[in-house]
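Me: I've got a model open and I'd like a close look at just one part of it. Could you walk me through that part in plain bench talk, then show me how the rest of the picture fits around it?

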Amino acid sequence: MHFIMAIENDLNSSQDLENIFLGLRQRVVVTRFSQTVQEYAKSSNPDIILMGLTFKDKKELEFVLELRRDVITHNIPILAMIPKEDSNFIANHKALGFTDYMVKPLIKQPLLDRIHSLIEEYKFSESSKTRDNMSFVVVDRGHGRVLFQCRANLKRYVFPEFKKIFTPNFLKSIQAERICFDVRVVPELGKDEVEVFERVMKIFLGHERVVFIAGRHMGAFIEHATDEEKMLVFMAPNEFDEYVRMEDLKKEEQRKKEKKEKFVKDGGKERPPAPTLLSEVKIQIPINEPVIPEEPSIPKNPEDLPPNAGSGISNPSTP
């Protein structure tokens, strides 16, 4: 069963979509565009997104580009539903992040055929990557965290790849960084997979907590996790980013508090600088070359001498 997500702010167009999808054996969500819907789209991992555009709100286009930047959603087909023929949009819809477009009003069978075609192309592309022996775990490291993006069946592909990734040297190199697993795109996740993840967490001995971005698998973690003290589970990446921001803020406040307490303990005065040992001071004395005065030049012809120039100068021709 495919999951179709339709985002439409126009009430009439939204009702038309409801009528088109009525009675279909598909999981369909028709909703309005909002910040909450943006995060839901990234966490629920739909098979296709239908995006109604007004050409008036730039946030609509920014949202699509944001989906394309997310490694989990960057390949999901996005069908633009536009209010009229627009040559500029039609020429640039691929660059804007859309897979295809249709002009309103939408007709049921052409829309369903286009949806089916786009989903089939997407599924074939993803399965081809699996057949080509692509990496099933993408490691994204930076800003004090290590994010493991799991992109296939856990038992068959991901867990065996963990054995290659988690070498002693690698584990040692990430001791001071936050650990996060993104499992939103994993097709199935149940009790067995949660138990394996809890065993995996034990190899990160120096970490208080391990983070999971679960998406639609949130319920499986809540139901089957036993080590809740060490496991932090979020629906979407923005929740994890907010958690990181708050944790960094707490650390900064704690650092300022400790600095203030130390200042008060020292009597409220700046501590004088530590005395410097004379033996540690290096003094460089510049050595100037002696200045040798230039000899006065004597003109070859006496006529060139200025008046009174002869005083103090002996004439070599005089006996």
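Which residues in α2 are buried?

Reply: Happy to. Keep in mind that this is a predicted model. In α2, the buried residues are Val37, Gln38, Glu39, Ala41, Lys42, Ser43 and Ser44. That's seven of the helix's 10 residues, so α2 is mostly covered, with buried meaning under 20% relative accessible area.

What does the covering? The buried residues of α2 pack against β1 (3-7), β2 (27-31), β3 (48-52), α3 and α10 (237-265). Among those neighbours, α3 is worth a slower look. Helix α2 covers residues 35-44 and helix α3 covers residues 58-69, and their axes come within 11 Å, crossing at roughly 25°. Angles under 35 degrees count as roughly parallel, so α2 is roughly parallel to α3. The crossing of this pair is right-handed. On the α2 side, the contact is made by Gln38, Glu39, Ala41 and Lys42, and on the α3 side by Phe63, Glu66 and Leu67. Sort the residues of that α2 and α3 contact by class and you get three nonpolar, one polar and three charged.

Now zoom in on one residue of the helix. Alanine 41 sits in α2, and its relative accessible area is 1%, so alanine 41 counts as buried. Skip the residues up to four places away in sequence, and alanine 41 touches Met5, Pro46, Ile49, Phe63 and Thr73. Phe63 is also one of the α3 residues in the helix-to-helix contact. There's a long-range pairing here too: alanine 41 and glycine 215 are 174 residues apart in sequence, yet their C-alpha atoms are 9.5 Å apart in space. Just past the end of the helix, α2 is followed by asparagine 45, which has a positive phi, near 55°.

Next, the nonpolar cores. The largest one has 34 residues, and the members that touch the most others are Phe148, Phe162, Phe166, Phe181, Phe197, Phe204 and Phe221. Elements giving two or more residues to this core are β7 (145-150), α6 (154-165), α7 (168-173), β8 (178-182), α8 (191-201), β9 (210-213) and α9 (218-224). The biggest giver is α6, with six residues. Where does α2 come in? A second, separate core has 18 residues, and Val37 is one of them, along with Met51, Ile76 and Ala80. Val37 is also on the list of buried α2 residues.

Back in the largest core, phenylalanine 181 makes a good landmark. Leaving out neighbours within four places in sequence, phenylalanine 181 is in contact with Phe148, Cys150, Phe162, Phe166, Phe197, Val200, Phe204, Val210, Val211, Phe212 and Ile213. Follow that list to phenylalanine 212, which is found in strand β9. Phenylalanine 212 has 0% relative accessibility, so this residue counts as buried. With the same sort of neighbours left out, its contacts are Phe181, Phe197, Met201, Phe221, Met231, Leu232, Val233 and Phe234. One of these, methionine 231, is 19 residues along the chain from phenylalanine 212, with 7.4 Å between the two C-alpha atoms.

One last stop, for a polar side chain. Serine 14 belongs to helix α1 (residues 11-21). Its relative accessible area is 16%, and the cut-off is 20%, so serine 14 is buried as well. Beyond the residues up to four places away in sequence, serine 14 touches Glu8 and Val30.

Notes:
Residues are numbered from 1 along each chain as its sequence is written. This is a predicted model: local features need pLDDT of at least 70, side-chain atom pairs count only at pLDDT 80 or more; totals for chains, interfaces and linings use all residues. Side-chain values use heavy atoms; hydrogens and water are left out. Axes are lines fitted to C-alpha atoms, for helices over the stretch in contact, and angles run from 0 to 180 degrees between N-to-C directions. Helices (H or I, at least four residues) and strands (E, at least two) are DSSP runs, numbered from the N terminus. Angles under 35 degrees count as roughly parallel, over 145 as roughly antiparallel, 65 to 115 as roughly perpendicular and the rest as oblique. A crossing is left-handed if the near helix is turned anticlockwise from the far one by less than a right angle, and right-handed if clockwise. Contact means heavy atoms within 4.5 Å. Ala, Val, Leu, Ile, Met, Phe, Trp, Tyr, Cys and Pro count as nonpolar, Asp, Glu, Lys and Arg as charged, and the others, Gly among them, as polar. Buried means under 20% relative accessible area, exposed over 50%, partly exposed in between (1.4 Å probe, protein chains only). A nonpolar core is a set of buried Ala, Val, Leu, Ile, Met, Phe, Trp, Tyr and Cys residues joined through side-chain atoms within 4.5 Å.
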